[in-house]
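Let's walk through a model together, with a couple of helix pairs and a bit of empty space as the stops along the way. Have the viewer open and follow along.

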Amino acid sequence: MTDSRTLAGRLLAGAALLAAVTSLPWLSGTDPALTVLRARSGDQDPTPGQLAAVREQLGLDEGPLTHLVRWLGGDAGTSWVSGEAVWPQVSDAFAVSVTMMLGAFAVTALVAALVCGRSVWLGARGRLRDAGSGVLAAVLAALPKFLLASLLATVCGVWLGWLPAGGWEGPSSMVLPALALGVPSGAMIGGLLRQALPGAFREPWARAAHAFGLSRGYVARNALRRALPGVLPGLLPTVVGLVGGSVAVEKIFNIPGLGRLALDTALAQDLPPLQTVTLVLVLLGVGAGLAIRGVCRALLGPALRDGALPALPVVGTRPRRALAAGCAVVLLALVVAGLLRDPAQVDTAARLLAPSADHPLGTDSLGRDMLARLGHGALRTASVAFAVTGVSVLAGLLLGVVGRVGAGLTEVVSTLPAVLAGLLTTAVTGPSVWGAALAVCLVGWAPYAAQASALLAQERAAGHTLASRSLGAGAGHLLRRHHLPAVLPAVVRNALLRLPTTVLVLASLGFLGLGEQPPAPEWGRLLSENQPYLELAPWTVAGPAGALVVLAVLAVSVERWARRGGRG
């Protein structure tokens with residue numbers, strides 16, 4: 001019964017996603033024939049006869065349903081723009097993306113191990129008191145992937161000549177993109193694992209193992225087995241994102257992967273390859289979800305099935321009040337000082353000036369003061385990011401509670417790149433900051449739902465839950481008294497760690513013309529529009545990138561202070 005509900009969730013979500021993608025050319029409000037003709041020839045003023053010929057050739061008057069049925073019948077067709085067969089294009093892009101994903105996944109695992117390695121070492125010796133400050137994980141997770149990609153390409157590819165700065169010519173071309181994608185992802189996964197490890201090391205079995213003199217390796221391995229199932233579901237959107245969501249990195253390194261193919265075909269409204277790319281991503285997400293769920297069950301063993309799984313203890317963390325106060329003061333000073341300046345004043349004689357007394361953070365390519373733009377963009381950036389995060393967490397919790405149906409839906413939605421979601425929402429709402437926010441909400445709940453579902457499965461198998469149920473506790477009581485208190489803190493920590501990532505996803509949509517439009521001084525947009533000047537004027541990106549890092553550290557510090565009930 002449960003497996004049938006999961007399958008129903010996958011089929012329903014997959015059908016809805018494919019139907020939405022198929023309808024994209026007709027939802028956009030722009031004549032698909034005009035878009036395709038411009039993508040083919042660049043002709044900006046085609047004649048009505050040319051447009052009619054394209055409509056007849058592509059069968060656009062038949063509507064989206066006919067095209068979807070024909071495609072589901074096994075006819076992948078040919079590209080509307082290039083006239084080439086679809087499968088060779090998609091298979092070549094898939095091979096490139098999977099190769100890059102494997103490299104990025106290796107970097108993710110290595111960085112995660114480095115972030116939580118100290119906790120494992122101390123815990124195996126019975127000396128782990130708490131999860132630590134988490135500052136390193138917050139800083140690394142807040143690094144913008146497209147900015148890190150530009151920095152690596154400039155320093156390691158151009159200046160030092162160690163590795164190729166672009167293109168896809170062999171294994172050496174994979175290194176820099178894998179680092180740009182894997183370092184922030186590994187920091188996020190490692191930070192979550194580091195939070196779970198103190199509870200695992202404080203369980204009765206760990207104390208008994210120390211008392212009986214069992215090896216430290218035995219203790220470390222079993223603590224990881226206990227903590228990993230609550231963290232691994234976060235790998236699902238990470239793995240799929242490394243394949244289909246790395247559009248900016250692929251563009252910077254000129255890599256012909258699936259993400260770039262999805263973006264190019266969506267912008268050109270080239271429906272046949274776009275449908276096939278979407279299907280490949282859906283199948284990849286479902287396969288990754290099944291594999292991760294199988295690994296989690298294998299790690300927990302019979303305890304999950306037999307209802308003998310104890311609840312993982314929640315261990316408090318030492319709050320860093322001085323660090324939180326310092327970050328708050330820095331951000332407040334930047335905002336106040338920036339609000340006293342004009343963010344829209346253009347001075348072409350002061351283009352790309354280095355930081356000085358007149359311009360403490362320098363100027364951008366139009367001579368606008370970077371401090372002014374950073375300060376004026378702070379409130380808008382924070383409000384949109386917090387709103388998107390709040391909606392995503394709430395939706396993730398709700399869908400994580402419903403169990404198997406939500407699991408199938410989560411697997412499918414995790415495959416949808418935010419860029420493609422942005423194209424779908426922009427087709428309906430038009431380009432705007434709230435349209436971009438809606439796009440991120442449509443896909444942003446998936447990691448929280450996956451995490452909540454995994455933690456709830458463990459909590460439902462805990463002994464105290466079974467005892468409460470045997471005493472007549474209803475579903476509402478269990479949810480309020482046991483399930484939510486066990487799940488919510490971990491999900492909130494995940495959300496705070498992902499907050500800078502939300503800002504950057506919104507920025508990437510704005511950079512592609514789907515979100516915040518110029519000249520709005522939003523932080524992510526500042527990074528996007530100044531990224532081409534990283535080598536010439538690095539201060540243009542240092543300010544907004546530094547502000548994101550400070551915001552990430554502040555969010556983590558405040559969360560830990562609140563978890564200790566405000567005690568120092």
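H8 and H10 are oblique to each other, because their angle falls outside the ranges that count as roughly parallel, antiparallel or perpendicular. Keep in mind that this is a predicted model. Two packed helices are described by the angle between their axes and the distance between the axes. For helix H8 (residues 172–201) and helix H10 (residues 216–227), that angle is about 120°, and the axes sit 9 Å apart. If you're after the handedness, the crossing of H8 and H10 is right-handed.

Now zoom in on who touches whom. H8 brings Leu193, Ala196, Leu197, Ala200 and Phe201 to the contact. From H10, the partners are Val219, Ala220, Ala223, Leu224, Arg226 and Ala227. Sort the contact of H8 with H10 by class and you get ten nonpolar residues, no polar ones and one charged. Arg226 of H10 is among the residues that meet H8, and arginine counts as charged.

Next stop: helix H5 (residues 86–124) and helix H14 (residues 271–300). Here the packing angle is about 40°, with 10 Å between the axes. H5 and H14 are therefore oblique to each other as well, and their crossing is right-handed. On the H5 side you'll find Val86, Trp87, Val90 and Phe94, which meet Pro272, Pro273, Thr276, Val277 and Val280 of H14. By class, that contact comes out as eight nonpolar residues and one polar, with no charged residues.

So much for helix pairs; what about the gaps? Rolling a probe the size of a water molecule over the atoms shows where empty space is left. How many cavities of 30 Å³ or more does a search of the whole structure find? It turns up four. Let's pick the second largest cavity, which has a volume of about 60 Å³.

Its lining is made by Arg380, Thr381, Val384, Val433, Ala436, Val503, Leu506, Glu516 and Glu522. Helix H17 (370–401), helix H20 (433–444) and helix H23 (475–511) are the elements that give two or more residues to the lining of this second largest cavity. H17 gives the most, with three residues. As for chemistry, the lining of the second largest cavity divides into five nonpolar, one polar and three charged residues. Arg380, Glu516 and Glu522 are among those lining residues, and Arg and Glu count as charged.

Note on methods: Residues are numbered from 1 along each chain as its sequence is written. This is a predicted model: local features need pLDDT of at least 70, side-chain atom pairs count only at pLDDT 80 or more; totals for chains, interfaces and linings use all residues. Side-chain values use heavy atoms; hydrogens and water are left out. Axes are lines fitted to C-alpha atoms, for helices over the stretch in contact, and angles run from 0 to 180 degrees between N-to-C directions. Helices (H or I, at least four residues) and strands (E, at least two) are DSSP runs, numbered from the N terminus. Angles under 35 degrees count as roughly parallel, over 145 as roughly antiparallel, 65 to 115 as roughly perpendicular and the rest as oblique. A crossing is left-handed if the near helix is turned anticlockwise from the far one by less than a right angle, and right-handed if clockwise. Contact means heavy atoms within 4.5 Å. On a 1 Å grid over the protein atoms alone, a cavity is a set of points where a 1.4 Å probe fits but cannot get out, and a pocket is an open set with protein on both sides within 12 Å along at least five of seven lines; lining residues have an atom within 4 Å of a point. Grid points are joined across faces, edges and corners, and a volume is the space filled by probe spheres set on the points.
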